[in-house]
Amino acid sequence: MNKTLCTFGVALVASVALIGMPGCGKKSVQSGGDSQSSQGPAKGGSVGGYPDTGVQSGGGGLRGLDKNPSEERVGSGTMLAKVDPSGAAGQQTDEIRAEQAASAAAGLRDVFFAYDSWIITEEGRQALSRDAEWIKSNQNALLKIEGHCDERGTSAYNLVLGEKRAKAARNYLVELGVGANRLSVVSYGKERPVCIEHAESCYQQNRRGHLVVKTRK
Amino acid sequence: MTRVKMISAWFGGVLFLAGVVNILESGAADVFLEVTRPDFQKISLGIAGIQNKGGPDWLGGRIEEVLKKDVKRSLVFDLVDLPSLGITPTDIGNGTGTGSKAVFKQVAEKGVSVLVWGKAVMKEAQKDADVNMEGFVYDSGSDEVVGGKRYAGSPSVVRLMAHRFVDELVFRYTGEPGIARTKIAYVAQQGTARELFVMDYDGYDARQLTADGFLNLMPQWSPDRRFLVFTAYRDRNTQSIDMIELATGKRWTLISLGGLNITPSLSPDGNFLAFASSHEGNSELYRLDTRTKAIQRLTINPSGDLSPSWSPNGRELVFVSDPGGGPQLFLMGSDGTNVRRLTFDGDYNAAPAWSPRGNWIAYVCRTQKEYKLCVISPDGQKRVQLTTGSGVDDSPSWSPDGRHLVFSSMVDGKSHIYMIGADGKDLERLTFQGTHNSAPAWSPAS
C-alpha cells in the first residue's frame, strides 16, 4: 500500500519538479499501538517524509555595526529555486479539458445551494435525479463531485463548506441508487469560481456541486 | 533623567524587552496595542542621504528610498525629515571631518537620536557590475559614530543591502533581528490555476514556486524558513498536505488521509504539524509528530474543526470550530485538552493567527456582513477591529516582530495583499499584478 502510494506520488511529483519523495521506501506510517488513545496511523492514509526544520542558529546573519567594518558580500538572497512552468501545468490543462468535454457530453447538471448552506433544494433534487439516471445507465463511468463556494467568508472555512456540499450531493445520489463506490467528493472551496463578479447573480452560480466524469482514475 | 540619557537606556534593548513583558502581564482595562502604548516612544532617526560616488544616477537615491521605507516600517524608529529641522544633509564622509561635527551638533540639539548616512558606488567588474555601499551611524546619546557597515554585491542586490542595513539598526537598538529581510509566501492566480509565490516583505521580487497548473493553497512556513507546507490536490481529485523546499523546489506529500487535508501549521519548534482532516467523517484537528510520524487526533466532536495556530510557546492552539452553525475561535492545549471558546462577538469568527509575542490573536470577524480583521487577547478580555469597509479580508499573518499583519483583501475588487500595523494604522498595499493574490504567510525572521 505504502509502496503503491509512494510510486504514485513520485510519478506525479517527478513531473512537477523531478525529485523523489523523502521517506518513500521507508516505513512511512508509524503504528500507534496505543488502544485507549486516539493516537495511531490513519486509516488508508499515508505520511510522507519529514526533514528537520528546527531553527539552527539565531542572529540572522547580522554581524552588528562596526567602527572598522569589513566588507560583507551580499548574496542574491535567492534561497528560491527556479520553477519550470512547462509540463505539469499543460498536462493538467489538457486533462481538465477532457473532463469538461466528457461531462458536457453526458449532460450532467450542477446542483446549487443557498448562502452558507449545504441543503439540497427541490431544484437540486431534480437536477441530481437526472444526473442519477445518466450515471446508472453508464455503468463504467466514475464521477467526481466538486464542492464550490462563493467568494464570501474565509478560504479555509469555505473548503469545509464545499466538502459539505459535495457530500450532500453524493449522499442524495446514493439515496437514488447510485453506487457510492462510483462517486468521489472533493472540495475546492472558493478557489475555482466560474464567475468573478461581486454580485449575488454571480455568487449563486459559484455555490454549487459540480459533477464531473473522471477521465482517469 | 535627561532626554539623551533616557534614549541611551533604550539602546541596550533590555528596557524595550522588559516593556513587552509588562504588556503581557498587564491587567490594564484599557484597550491598547503595544505600538500605541502612551509610553511607547519611537527612536527618532534621520537619514542624511546616500551619496552617489560613481555609477548610475539612480543608485544612491534608490538605496536611500529603500532605507527610508524600511525604517518607517520597522515601527521602532520615527523617521524625521532633516531639512524641516533646518539640518541640510551634506557629505559627512566617514564622520571624522570638522564639517560632520557641526552636523552632529545640530542633530543632537534638535533631539534626533540617530543619524544615518552613507555612500554607494557601482563599478564595472570583469563580468558583471559590482556595487559597494557603505553606511554609517551617529548616535547622539553617546555623541559618537558608533559604527557602520560595508556591503558589496551585484546590482540585483541593492535593495537587499538596504534591508540588511536597517535590520542591523533595529538589532542595535532593540536586540531583535528586524523584519526587512523577511519574506511573504502567498497564492497567485496563474490562468485557472493558483500557484505558490514568495516575495520580499515589501512586495518586491516575487518568485513563483509551484507550477503544477491546479490549486496550491494556504502556505505556512517552517520555523527555519527553508520549507513551506500547504494544501494541494493530487490529480485534482485528492487533497493532500504537501511540503516544498524553497532552495531546490523539491516537493512531496506529507499527509494524504482522504477527505479534507487543510490548514497545516507547524509548531514553533518544528516538532509538530497541526492540521485539519475529514477522513474520519467531519473536519477534525490532528497533529503529526514530525519525528516519529505518529498522528494524534486532537478534537472529537460533531462540528467542523480547522485552522489551528500555535501559541509562541507551543503549548496551546487557537482554532476554528462551528458548533451551532457559525465558525468561532476556540483555544485548547496542544494535546487537545482543555477546550474552551474564545470569541462570543458576532456569528462568524475564523482564520486565527496567534501573535509571535503571544499577546494577541488576529482573525477574520464578520461585522455588518463584511469580513474584516480583528484582534483579541487570548484571555478574551480585549478585542479590537482593525479594518473597515467593504470587501472580504482574509488570512491574517503576523510579522515575526509582532508589529504588523499581512492579509488579503478584496477592498479594491480583486484580491490583493496588504500590510497593516498591529494597531490598525499604516495600511500598505503590497501586490499590484495579476487578478488574484491571497493567503499571505509572513516568514519567521532569519
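Q: At what angle do helix H3 (residues 122–137) of chain A and H4(A) pack, and how far apart are their axes?
A: In this predicted model, the angle is about 55 degrees and the axes are 10 Å apart.

Q: What makes H3(A) oblique to H4(A)?
A: Set the angle of about 55 degrees against the cut-offs: under 35 degrees would be roughly parallel, and 65 to 115 roughly perpendicular. The value fits neither class, so H3(A) counts as oblique to H4(A). As for handedness, the crossing of H3(A) and H4(A) is right-handed.

Q: Which residues make the contact?
A: H3(A) brings Arg125(A), Leu128(A), Asp131(A) and Ala132(A), while H4(A) brings Ala169(A), Tyr172(A) and Leu173(A). By type, the contact of H3(A) with H4(A) has 5 nonpolar and 2 charged residues, with no polar ones.

Q: What makes H3(B) oblique to H5(B)?
A: The axes of helix H3 (residues 58–74) and helix H5 (residues 158–174) of chain B cross at roughly 40 degrees and come within 9 Å. Roughly parallel needs an angle under 35 degrees and roughly perpendicular starts at 65, so the pair H3(B) and H5(B) lands in the oblique class. This crossing, too, is right-handed.

Q: Which residues in H3(B) meet which ones in H5(B)?
A: On the H3(B) side you'll find Arg62(B), Ile63(B), Val66(B), Leu67(B), Asp70(B), Val71(B) and Ser74(B). Their counterparts in H5(B) include Met161(B), Phe165(B), Val166(B) and Val170(B). The residues of the contact of H3(B) with H5(B) split into 10 nonpolar, 2 polar and 3 charged.

Q: Why are strand S8 (207–208) and strand S29 (437–442) of chain B said to stand at the edges?
A: The open sheet has 4 strands in the order S8-S7-S6-S29 (chain B), paired antiparallel. S8(B) and S29(B) each have a single partner strand, so one side of each has no neighbour in the sheet.

Q: How many bridges join strand S6 (residues 183–190) of chain B to S29(B)?
A: There are 4, and the two strands run antiparallel. Strands count as paired from at least two bridges, so S6(B) and S29(B) qualify. One bridge puts Ala185(B) opposite Ala441(B) in S29(B).

Q: Which are the edge strands in the order S25-S26-S27-S28 (chain B)?
A: In this antiparallel open sheet of 4 strands, strand S25 (393–398) and strand S28 (428–429) of chain B pair on one side only. S25(B) pairs with strand S26 (residues 404–412) of chain B over 4 bridges, in the antiparallel sense. In S26(B), Leu405(B) is the bridge partner of Trp398(B).

Q: What radius of gyration does chain B have, and what would a compact globule with 446 residues have?
A: Chain B has 24 Å, set against a globule value near 22 Å, and the two agree. Along the principal axes, its C-alpha atoms fill a box of roughly 75 × 60 × 45 Å. The secondary structure of chain B comes to 5 helices and 29 strands.

Q: How many residues does the contact take from chain A and from chain B?
A: It takes 73 from chain A and 90 from chain B. On the chain A side, H4(A) gives the largest share, 6 residues. That side divides into 31 nonpolar, 29 polar and 13 charged residues.

Q: How many bridges join S2(A) to strand S5 (residues 144–153) of chain B?
A: There are 3, with the strands running parallel. With at least two bridges needed, S2(A) and S5(B) therefore count as paired. Glu71(A) has Arg150(B) as its bridge partner in S5(B).

Notes. Residues are numbered from 1 along each chain as its sequence is written. Chains are lettered from A and ligands numbered from 1 in the order in which they are written. This is a predicted model: local features need pLDDT of at least 70, side-chain atom pairs count only at pLDDT 80 or more; totals for chains, interfaces and linings use all residues. Two residues are in contact if their C-beta atoms, placed from the backbone, lie within 7 Å. Ala, Val, Leu, Ile, Met, Phe, Trp, Tyr, Cys and Pro count as nonpolar, Asp, Glu, Lys and Arg as charged, and the others, Gly among them, as polar. Axes are lines fitted to C-alpha atoms, for helices over the stretch in contact, and angles run from 0 to 180 degrees between N-to-C directions. Angles under 35 degrees count as roughly parallel, over 145 as roughly antiparallel, 65 to 115 as roughly perpendicular and the rest as oblique. A crossing is left-handed if the near helix is turned anticlockwise from the far one by less than a right angle, and right-handed if clockwise. The radius of gyration is taken over C-alpha atoms; the globule rule is 2.2 Å times the number of residues to the power 0.38.
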